[in-house]
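Colleague: Thanks for sitting down with me. Could you walk me through this model, one question at a time?

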Amino acid sequence: QVLHTNSLLQPAHGEELSAALLCVFLDRAADLPLRKGSKPPAAFASLAVRDVSFKTKVRGGGSGRIFGEVPRVSHPLPPPPQTCAPSTEPVWDEGFSFLIKRPHVESLELQVKDEGGQALGTFSLPLAQLLAQEGLAMDGWVPLAGGAQLLLRAQLGVLVSQQVEDRAASRAPEGGDTELREEEEEKDEDEERGAGGMRQRLPPADSRPEPPEGPRVQLSLWYHQEQRKLVAIVHACRELRAAAKELPDPYVSLVLLPDRSRGTKRKTGVQRRTLNPDFNERFEWELSLEDAARRRLEATVKSTLSFVTREKEALGKV
């Protein structure tokens, strides 16, 4: 349905609209092969969907920072990875996101390599497999070609236009009359057809909803039942507005309401002088599912005005 709606909204010469957002979180790898001379590798992972690629940092064993390479608006490759102690069980703890145009035919291609270029393992995930999963997600260990294993979470979020939601809401009969709903759908389809029963491509019009504009923040949020943790990934902010003339140094502050104690607060790193910061940072809170259901996550975008006075400027809140 989303792909069909996109085809109707698609400008004749515009870029193909995205149908879903793929969020991938790489936790760690295990049993990676040794390098020549029986030395452990300094490993990093590269991820790609179509022509969009990202790389993790080079990681060793132990606990990783809640920190990751980030996607840019123009989708360049991240800078060369930073080096940590070699290990056959590297911990990355990094998240990435991809805009997906055709989830039925696209796939996520993942490679684990040594910083010297030696291939340590590969994994290919057709996104059609996620469409068949409950919650459109997979979470756990997957085998790499070569004998190693990778712990990851991949989830698709369907991008539904406001027009589809409004149309579905206006059609829902109060009494749940299925026949009436089907008749209305057939009538609407007939109205959209031209001479000879051919469906017309509807061009964008002023009455159609415009893409989101103005300040916004991109978040992923889920509850990990096995680990009893609430997990949030702060991906990016777009089109921030600052009162000062100079560009802000934005960061995102998270707090689990109604408790505003220090234990419920988290914050990203600061991005310097930008209105479109990328963060891609992951945060966790250990709490029960019942407790999580009673909480609200508040995200506030702030900017440091002065390192001397520690004065902060609020740029927005959700």
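**A loop serine, and onward**

Modeller: Happy to! Let's begin with S288, which sits in the loop that joins β13 to α5 (289-293). Keep in mind that this is a predicted model.

Colleague: Is S288 buried or exposed?

Modeller: Its relative accessibility is 18%. The cut-off for buried is under 20%. Since 18% falls under that cut-off, S288 counts as buried.

Colleague: Which residues does S288 contact, leaving aside its neighbours within four places in sequence?

Modeller: S288 is in the loop that follows β13. Leaving aside neighbours within four places in sequence, the contacts of S288 are Y223 and R228.

Colleague: What is the strand order in the open sheet of three strands?

Modeller: The edge strands, each pairing on one side only, are β9 (216-224) and β13 (278-286). The pairing is antiparallel, and the twist from one strand to the next averages 15°. With those edges, the order is β9-β10-β13.

Colleague: Which residue of β13 is the bridge partner of V234?

Modeller: Strand β10 covers residues 229-238, and its antiparallel pairing with β13 runs over seven bridges. In β13, the bridge partner of V234 is E281.

Colleague: Which salt-bridge network includes R282?

Modeller: The side chains of R282 and E284 form a salt bridge, with 2.2 Å from N to O. R282 is buried at 8% relative accessibility, whereas E284 is partly exposed at 24%. The network linked by salt bridges consists of D93, K229, R282 and E284.

Colleague: How many residues apart in sequence are the parts that D114 and R35 tie together?

Modeller: The structure has 15 salt bridges, and one of them joins the side chains of D114 and R35 at 3.8 Å, N to O. D114 is buried at 5% relative accessibility, while R35 is partly exposed at 26%. D114 belongs to strand β5 (residues 107-114) and R35 to the loop between β1 and β2 (43-49), so the parts they tie together are 79 residues apart.

Colleague: Where do R272 and D249 lie, and how many residues apart are they?

Modeller: Their side chains meet in a salt bridge of 3.7 Å, N to O, and D249 is buried, with 12% relative accessibility. R272 is in the loop between β12 (265-267) and β13, and D249 is in the loop between β10 and β11 (250-257). This pair links distant parts of the chain, and the separation is 23 residues.

Colleague: Which strand gives the largest share of the largest nonpolar core?

Modeller: That core has 32 residues, and those with the most contacts inside it are L22, F98, L108, V112, L150 and L152. The largest share is five residues, and they come from strand β1 (residues 20-30).

Colleague: How many residues does the other core have?

Modeller: It lies apart from the core of 32 residues. Its members include L240, V252, F279 and V301. The number of residues in this core is 17.

Colleague: Which residues does L152 touch, not counting those up to four places away in sequence?

Modeller: L152 is among the residues with the most contacts inside the largest nonpolar core. Not counting residues up to four places away in sequence, L152 touches F25, L26, L110, F123, M138, D139, G140 and V142.

Colleague: One for the bench: how many disulfides does the structure hold?

Modeller: Among its cysteines, C23 is buried at 14% relative accessibility, and C237 is buried at 0%. The number of disulfides in the structure is zero.

Technical notes
Residues numbered from 1 in each chain as written. Predicted model: local features only at pLDDT ≥ 70, side-chain atom pairs only at ≥ 80, totals over all residues. Heavy atoms only, no water. Core = buried A, V, L, I, M, F, W, Y, C linked by side-chain atoms within 4.5 Å. Buried < 20%, exposed > 50% of the residue type's maximum accessible area, 1.4 Å probe, protein only. Helix = DSSP H or I, 4+ residues; strand = E, 2+ residues; numbered from the N terminus. Contact = heavy atoms within 4.5 Å. Pairing = 2+ DSSP bridges. Axes fitted to C-alpha atoms, helices over the stretch in contact; angles between N-to-C directions. Disulfide = S-S within 2.5 Å. Salt bridge = Lys/Arg side-chain N within 4 Å of Asp/Glu carboxyl O.
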